[in-house]
Amino acid sequence: MPPIQDHPLRFQLSNELHARPFPTLTTASRAVFLALKHRHVAGVDAVQADIDHLIMLLDRYGAAHPQPGATHYFGKLGKHRLKWERHTEFVTFTLLVDGLSDRAFDAADFALFPEDWLAAAPGLRITSCLLRIEPQQDAGIIREKLSEWFVRESLAASSVLDSSGVIAGDFHIDESGHSRFALFIADGVGQGRIGRILQRLFEIETYKANSMLGLAKSRELSKRMGPLDFELTQLMGQMQTNGDDAVGQLDELLRISAELEALQAKTSFRFGATGAYEAIVNQRIQALREVPWEGRQTLAEFMMRRFDPAMRTVKATQARLETMSERAVRASQLLRTRVDVDRSAQNQKLLESMNKRADLQLRLQQTVEGLSVVAISYYAVSLASYLLYPLTGVTGTTKELLSAGVTLPVVLIVWWMVRRIRGHSQE
């Protein structure tokens, strides 16, 4: 028997689940993270530009190139390791560096990415982070370091993954232009788990930053939605009080509906992406299994206070836009119905006017026919009288009597002929 045939995408789809492994790190190391968002709409050109930009960096260190069309890369970059991932809207670079620098969160670490290479990036920086990984120490020492490294008011710190470590961050951008995260690892925690914590922290920061683009779009959209909402409400009020200019009102409604549809088309992708990114942020935070550390707020609490209101604003703006569009459509349908009813009434009046004209034309036609019978009969009697005048001498009658005698038969004959002609014309 022939062997069973595999689906052509079976191995490709199976390998996709294992294509982005977590990095491994020691308890004394640091990481530099960079996320670049595409300048324009993602497409074939953007994909190739991202790969070319990665190859430019790899060539600086003589590193191997990725496979054609790759969406991820992991390899040595000089003394360090580089993890690269390409997503729909952005690409990420994670540089893993062994050992700790003398100065925590030293901006010199980011200089591992060459300046001219950064300037040639095909995208814009959406976020960049510095992460420091240290062995877990006495709680007092950790408190001192967190107080020195982070802004107290927005600092979030929690114990994660069943006390595998303590994570901390304030989600601020420091004077060097980077966000900071600290990770204190407990004894006996494997390098793979450290890599998973690092990966989730960077994903939380990246997807949070991309989600906030939806808030910016909402604020921009609200500036136009306010006047449009006022115009729509005012126009619907005019529909109730003044129905004389229904056609003009319908034109205005169609203009508003078209603009609302255009706004929905321009923002549908951004709002949809914001919802997806928000879900990933919450999922990654849940995966950390946070427990409050030393009474500090957790990442989940920080997001609930600072991030969730922004996301609710985006959802409210999206719902308001959809509601306005539906209102405009319903108002257009009502106004179009009114226009159709008005046109039907006008058509009814026009038909009644046409019927009256037809009656008048019929009466006029009958009048003309009567006059025609009289006129034709007059000439016919005259002709018949001239033809019969010679008989006056034979019969001994006068001309007047002869004319009177032929008048009635001639009139009847003429009337009959006119009726016959009209009957043929109607057929």
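**Exercise 1. Find the strands that pair with β8 and describe their sense.**

Step 1. Strand β7 (residues 165–169) and β8 are antiparallel and share 5 bridges; strands count as paired if DSSP finds at least two bridges between them. Strands (E, at least two residues) and helices (H or I, at least four) are DSSP runs numbered from the N terminus. The model is predicted: local features need pLDDT of at least 70, side-chain atom pairs count only at pLDDT 80 or more, and totals for chains, interfaces and linings use all residues. Residues are numbered from 1 along each chain as its sequence is written, and side-chain values use heavy atoms, with hydrogens and water left out.

Step 2. Within this pairing, Gly165 has Ile185 of β8 as its bridge partner.

Step 3. β5 and β8 run parallel and are joined by 7 bridges. Here Arg132 is matched with Ala182 in β8.

**Exercise 2. Decide whether the faces of β8 are covered or open.**

Step 1. In a regular strand, side chains alternate between the two faces of the sheet.

Step 2. One side of β8 carries Ser179, Phe181, Leu183 and Ile185, the other Arg180, Ala182 and Phe184, and all are buried, meaning under 20% relative accessible area with a 1.4 Å probe and protein chains only.

Step 3. Because 7 of the 7 residues of β8 are buried, the strand is largely enclosed by the rest of the structure.

**Exercise 3. Trace the pairing of β1 through Arg30.**

Step 1. β1 is joined to strand β4 (residues 90–98) by 9 bridges, in antiparallel sense. Arg30 stands opposite Val97 of β4.

Step 2. With strand β5 (residues 123–135), β1 pairs antiparallel over 10 bridges. In β5, Arg30 has Arg132 as its bridge partner.

Step 3. All 10 of the 10 residues of strand β1 (residues 29–38) are buried, so β1 is largely enclosed by the rest of the structure.

**Exercise 4. Describe the surroundings of Leu299.**

Step 1. Leu299 is in helix α7 (residues 299–388).

Step 2. Its relative accessible area is 2%, so Leu299 is buried.

Step 3. Outside four places in sequence, the contacts of Leu299 (heavy atoms within 4.5 Å) include Ala156, Ile167, Phe171, Leu201 and Leu288.

**Exercise 5. State where confidence is lowest and highest.**

Step 1. Mean pLDDT, the predictor's confidence in each residue from 0 to 100, is 86 for the chain, and 85% of residues reach 70 or more.

Step 2. The lowest mean, 64, belongs to helix α8 (residues 391–395), and the highest, 97, to strand β8 (residues 179–185).

Step 3. Where pLDDT is low, predicted coordinates should not be read in detail.

Methods:
Buried means under 20% relative accessible area, exposed over 50%, partly exposed in between (1.4 Å probe, protein chains only).
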